[in-house]
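Colleague: I would like to go through this structure with you, contact by contact. Could we begin once it is on the screen?

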Amino acid sequence: MSVSTEQTTLAERLTRKSRRFRPTALLRYCSYISGAAAVAALVGIVLFVCIKGLPHVSVQLLFGKNTADNPSIAGAIVQTFKIVIVSLAIAVPVGVGCAVYLVEYTGRGNKLVKVIKTATETLAGVPSIVFGLFGMLFFVDFLGLGRGLWAGAFTITLMILPTIVTSVEESLRAVSDTYREGSFGLGATRLRTVFKVVLPSAMSGILGGVILGMGRIVSESAPLLFTAGTNGGMPTLTGSGATLAVAMYTAASTGNIEVAYAVGVVLIVLVVGLNLLATYVTGVFQKKQLGRR
Amino acid sequence: MTNTNEQKTALAATERGAAPDKTARRQRIFDIVSKIGFLVCAVFSVFAILAIILFLLASSIPGMAEVGFFKFLFGTTWKPTSSKLPIDERFGILPMIAGTLYVTALSVLIGGVTGVLAAIFIARFCPKKVKPVIRQAMNLLAGLPSVIYGFFGLVVLVPFVRDTAIKWGMDSAKVQGYGVLVSALVLSVMILPTVITLSVNALESQPHSYYEGALALGATKDQAVIKVLVPASKSGILAGMVLGVGRAMGETMAVVLVCGNSAVMPGSLVTGMETMTALIALEMGYAGELHRTMLIATGFVLLIFVLLLTLSLNLLRRKKK
């Protein structure tokens with residue numbers, strides 16, 4: 001009797017032991033660690049730059065005049081905002097127009113739609129430095145715009161176009177077909193349906209996408225190196241000048257580590273702010289719509 | 001002025017009253033015009049990508065012809081300003097191609113494995129309340145400027161790697177800290193959001209019955225996830241990896257700060273090398289005539305690499321269907 005119980009416990013123990021050492025469980029722990037590592041990388045980088053950089057942020061640096069002794073990024077802030085405004089002013093209408101055409105005016109199996117989608121995807125994958133080269137060849141040299149606001153903003157426009165098209169397309173597809181059918185049933189034309197029914201219902205997603213695009217413009221530097229220029233100081237109205245990200249790169253690569261830290265803090269604050277704003281806007285609009293329904 | 005306006009409104013009123021088919025026709029014309037407007041917006045990106053390819057190709061052909069295509073692609077010395085070497089031996093970008101491939105492979109190895117495991121965690125094992133927080137964090141990770149990653153690598157990872165390598169007995173005169181290892185580490189963090197987002201989407205889009213069926217057959221929860229869900233969503237995971245490769249390959253401003261920028265074949269993990277992107281970003285500012293053309297040609301080679309990746313991604317998707 002006692003022997004048999006001992007045997008079963010031994011057998012049980014063996015099976016239990018083999019169960020305990022399943023490689024899948026090990027993989028699960030690895031997945032915990034990886035998830036933690038991904039978040040830790042973000043938190044680590046953001047906190048490190050902010051803690052080390054905050055002491056270097058000063059009023060003089062942010063808004064002062066740029067001289068050799070007193071580096072200031074006021075010009076870079078102005079240039080960043082100018083490029084954001086110009087490129088969004090082009091990319092948003094074109095991107096929304098493209099998405100409207102893809103979703104509202106064509107069927108799924110359309111050949112042209114496939115071509116446009118492939119082009120958009122390819123454009124999204126083109127390295128940023130290649131955009132910079134193209135901008136230099138086309139806008140700066142071929143069109144003779146010279147380095148400055150226009151060439152930089154146009155180059156960036158091409159770059160964020162896929163982002164905007166994709167996000168607008170997604171939010172248009174999320175609009176229920178009953179809305180469209182209701183609008184048609186009331187006698188509205190397709191155009192009227194698009195502007196009065198579909199676009200307003202998709203507004204949250206569109207705005208969220210636009211804000212994220214804004215963040216992308218702020219953080220981009222490689223396409224602007226040869227199109228918008230790298231010089232510090234206050235740019236003229238449409239003149240050349242470094243944006244914040246470009247200014248951070250020049251500071252870091254020329255050994256101005258303190259300035260780079262400070263610009264890093266400003267950039268992080270901007271990007272984190274825009275990201276939170278995008279989430280907030282999407283959430284608020286969605287709530288409103290749920291309420292309306 | 002007011003007179004004409006009144007006339008117009010009067011005209012419109014009579015039109016509306018007398019001939020409703022005219023307004024309908026006008027509306028139809030308006031609809032067609034707007035449709036054409038939307039179409040123009042839609043083909044914009046088609047023209048953009050074609051223009052990019054054509055302009056880069058056209059601008060790099062003269063240079064490639066002068067240096068020779070194979071000497072350019074497979075030459076191992078890049079000394080654009082040297083006056084001793086003949087022209088066709090100054091512009092070899094093989095070291096940079098090797099550097100790009102080396103760094104990309106290592107970063108996808110690190111970032112890909114971490115990313116997929118993290119995606120499994122987010123999609124299946126993560127508490128419900130933590131999930132939106134992690135998603136937000138991943139969006140943020142994707143949105144941070146690449147120059148910040150590079151800067152972090154420059155001020156933290158490079159000195160750390162240098163000191164560690166010296167501590168482990170490597171020759172302190174040779175070890176720079178800059179190089180493949182730090183570049184790959186920085187890039188692996190940068191591609192995490194891409195890999196994670198696509199993998200999570202793939203894992204979450206699997207039918208619930210897969211998971212439940214596996215549980216019903218006696219699998220533990222871990223086994224159900226790892227042996228059933230992960231293989232089922234492998235095409236989505238692979239797509240995330242391919243996009244990650246593309247992102248790592250094309251990344252510029254992070255790599256240029258940490259790769260060491262010496263145009264030699266990448267040797268050890270901790271000595272300076274250069275990728276194609278870093279080469280272009282660094283030298284375009286002061287390049288002379290032929291040098292500039294060769295840098296554009298390097299950009300074209302990079303573009304071809306990325307286009308091939310996109311193509312393979314499309315094939316992957318088509319196969320799935």
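Modeller: Certainly. Contact here means heavy atoms within 4.5 Å. Please keep in mind that this is a predicted model.

Colleague: Which residues of helix 2 of chain A meet helix 4 of chain B?

Modeller: On the side of helix 2 of chain A, they are Leu27(A), Arg28(A), Cys30(A), Ser31(A), Tyr32(A), Ser34(A) and Gly35(A). Their partners in helix 4 of chain B are Thr114(B), Leu117(B), Ala118(B), Ile120(B), Phe121(B) and Phe125(B). By class, this contact has eight nonpolar, four polar and one charged residue.

Colleague: And how is such a pair of helices described?

Modeller: Two packed helices are described by the angle between their axes and by the distance between those axes. Helix 2 of chain A covers residues 23-53 and helix 4 of chain B covers residues 94-125; the angle is about 100°, and the axes are 7 Å apart.

Colleague: What does that make helix 2 of chain A and helix 4 of chain B to each other?

Modeller: Angles of 65 to 115 degrees count as roughly perpendicular, and the two helices are therefore roughly perpendicular to each other.

Colleague: Back to Arg28(A). With which residue does it form a salt bridge?

Modeller: Its partner is Asp222(B), and the closest N and O atoms are 3.2 Å apart. Arg28(A) belongs to helix 2 of chain A and Asp222(B) to helix 9 of chain B, residues 221-232, so this pair joins two chains. In general, side chains of opposite charge can pair when their charged atoms come close.

Colleague: How many salt bridges are there over all chains?

Modeller: The search of the whole structure finds ten.

Colleague: New topic: cavities. How many are of 30 Å³ or more?

Modeller: The count is one, and the largest cavity holds about 30 Å³ of space. Its lining includes Thr100(B), Val103(B), Leu187(B), Met249(B) and Glu251(B). Helix 4 of chain B supplies the largest share of that lining, three residues. The lining divides into five nonpolar, four polar and one charged residue.

Colleague: What about the second largest pocket: how much space lies in it?

Modeller: About 270 Å³. It is lined by 17 residues, and Ser72(A), Gly232(A), Ala247(A), Thr250(A) and Val259(A) lie nearest its centre. Helix 4 (74-104) and helix 11 (244-253) of chain A each give two or more residues to this lining, and helix 11 of chain A gives the most, with three.

Colleague: How do those lining residues divide by class?

Modeller: Seven are nonpolar, ten are polar and none is charged.

Methods. Residues are numbered from 1 along each chain as its sequence is written. Chains are lettered from A and ligands numbered from 1 in the order in which they are written. This is a predicted model: local features need pLDDT of at least 70, side-chain atom pairs count only at pLDDT 80 or more; totals for chains, interfaces and linings use all residues. Side-chain values use heavy atoms; hydrogens and water are left out. Axes are lines fitted to C-alpha atoms, for helices over the stretch in contact, and angles run from 0 to 180 degrees between N-to-C directions. Helices (H or I, at least four residues) and strands (E, at least two) are DSSP runs, numbered from the N terminus. Angles under 35 degrees count as roughly parallel, over 145 as roughly antiparallel, 65 to 115 as roughly perpendicular and the rest as oblique. Ala, Val, Leu, Ile, Met, Phe, Trp, Tyr, Cys and Pro count as nonpolar, Asp, Glu, Lys and Arg as charged, and the others, Gly among them, as polar. On a 1 Å grid over the protein atoms alone, a cavity is a set of points where a 1.4 Å probe fits but cannot get out, and a pocket is an open set with protein on both sides within 12 Å along at least five of seven lines; lining residues have an atom within 4 Å of a point. Grid points are joined across faces, edges and corners, and a volume is the space filled by probe spheres set on the points. A salt bridge is a side-chain nitrogen of Lys or Arg within 4 Å of a carboxyl oxygen of Asp or Glu.
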